[in-house]
Amino acid sequence: MNYAFIGLGNMASAIIKGMAHSGQFSADKIYGYDIIDGKAQTLTEFGLIACDSIEKAVSADVVILAVKPQILPQVLPVLKSNILRQPLIISIAAGKEIEYFEHQLGELPIVRVMPNINATVGAATSAYTGNKFTTSEQKQLVERLFATVGTITELPEHLFGVFGAVAGASPAFAYMYIDALARAAVAGGMSKQQALDIAASTVFGSAKMILASSEHPWSLIDKVCSPGGTTIEGILSLQSDGFEDAVHRAIAAVIEKDKKLRQ
């Protein structure tokens, strides 16, 4: 099975590298095209076969659209006029719903995937949804493909706005939290780099604890808080300052903005 990437930005590059390192995909089956000269050449070390036109790339069994949304009107007509079979179309273009691609391309199996920035380190949290022409085998292929850069979950498209807030925007919130922890440690006398390493490692471990445990997060919080101890003082301070409410408002703000952009 052949795979063709249209657009070779950071996300496509991460996926191509993930495919290459997984050992599940043949390197000589991955093609790529980017409007920027030389972009494809930088990925040939991972087995990518560089194409000098969209026309040469789109004859693949699976076409991954990884261009910016505003570029799609230039790409989709070329794609449609050069389709020789019924390829699986996978779009990672932000904000473009499946209906948009169906209107442009017709009755093809189309899957929309929303990965996040952590794909660049193989730790993406992605969601996908397919149209009625997508088979269960094609869905399994999408899951295998994006599992090379993290985790992936099937979701109905109407929940993509919520997913975008929780998984797409929240890495920025997590980075902000980690930086705040580190800066507080600097105020306590620790060097910034050491504080940053410790804060990031602790948040990483805490996330693994949540995923590995069947316990509710508050049960884990209670395990860290000793009666009359230091941690409970920090918890009470965060609650008093509206920590949870601030997170809820941030997620709601992202969801609301997403709705406005789609109107």
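In which helix is the place of Asn10? In this predicted model, Asn10 belongs to helix H1, which covers residues 10-22. Asn10 counts as exposed, because its relative accessibility of 62% is over the 50% cut-off. Looking further along the chain, the C-alpha atom of Asn10 sits 9.4 Å from that of Ala66, a residue 56 places away in sequence.

Stepping back to the whole protein, the fold comes out with 10 helices and 8 strands. Its C-alpha trace spans about 70 × 40 × 30 Å along the principal axes. Of the 263 residues, 36% are buried. As for the surface, the protein exposes about 14800 Å², and carbon and sulfur atoms supply 57% of that area. Charges were looked at too: there are 21 positive and 25 negative ones, and the mean positions of the two sets are 3 Å apart. Contacts were then sorted by sequence separation. Taking those between residues at least 6 apart in sequence, 61% join residues at least 24 apart.

Thr148 gives a closer view of one loop. This residue is found between helix H5 (136-147) and strand E8 (150-154). Is Thr148 buried or exposed? Thr148 is buried, since its relative accessible area of 15% is under the 20% cut-off. The side chain of Thr148 reaches back to the backbone oxygen of Leu145, at 2.6 Å. Once neighbours within four places in sequence are left aside, the contacts of Thr148 are Ile15, Gly18, Met19, Ser22 and Phe25.

Two further helices were sampled through single residues. Ser170 has its place in helix H6, made up of residues 160-187. With a relative accessible area of 22%, Ser170 is partly exposed, because that value falls between the 20% and 50% cut-offs. Between the C-alpha atoms of Ser170 and Val254 there is a separation of 9.6 Å, with the two positions 84 residues apart along the chain.

Ile232 lies in helix H9, residues 231-240. Ile232 is likewise partly exposed, at a relative accessible area of 25%. Which residues does Ile232 contact, leaving aside its neighbours within four places in sequence? They are Cys225 and Ser226. Met176 is 56 residues from Ile232 along the chain, and the C-alpha atoms of this pair are separated by 22 Å.

Cys225, one of the contacts of Ile232, leads on to the cysteines. Cys225 is buried, with a relative accessible area of 14%. Cys51 is buried as well, at 12%. Both values are under 20%, which is why each residue is put in the buried class. How many disulfides does the protein have? A disulfide is a covalent bond between the sulfur atoms of two cysteines. With a pair of cysteine sulfur atoms required to be within 2.5 Å, the count comes to 0 disulfides.

Methods. Residues are numbered from 1 along each chain as its sequence is written. This is a predicted model: local features need pLDDT of at least 70, side-chain atom pairs count only at pLDDT 80 or more; totals for chains, interfaces and linings use all residues. Side-chain values use heavy atoms; hydrogens and water are left out. Buried means under 20% relative accessible area, exposed over 50%, partly exposed in between (1.4 Å probe, protein chains only). Helices (H or I, at least four residues) and strands (E, at least two) are DSSP runs, numbered from the N terminus. A polar contact is a pair of N or O atoms within 3.5 Å; within protein, one must be able to donate a hydrogen and the other to accept it, and residues adjacent in sequence count only if both atoms are side-chain atoms. Contact means heavy atoms within 4.5 Å. Accessible areas come from the Shrake-Rupley method with a 1.4 Å probe; for residues, only the protein chains shown count as cover. Lys and Arg count as positive and Asp and Glu as negative; His and the chain ends are not counted. The place of a charge is taken as NZ of Lys, CZ of Arg, CG of Asp or CD of Glu.
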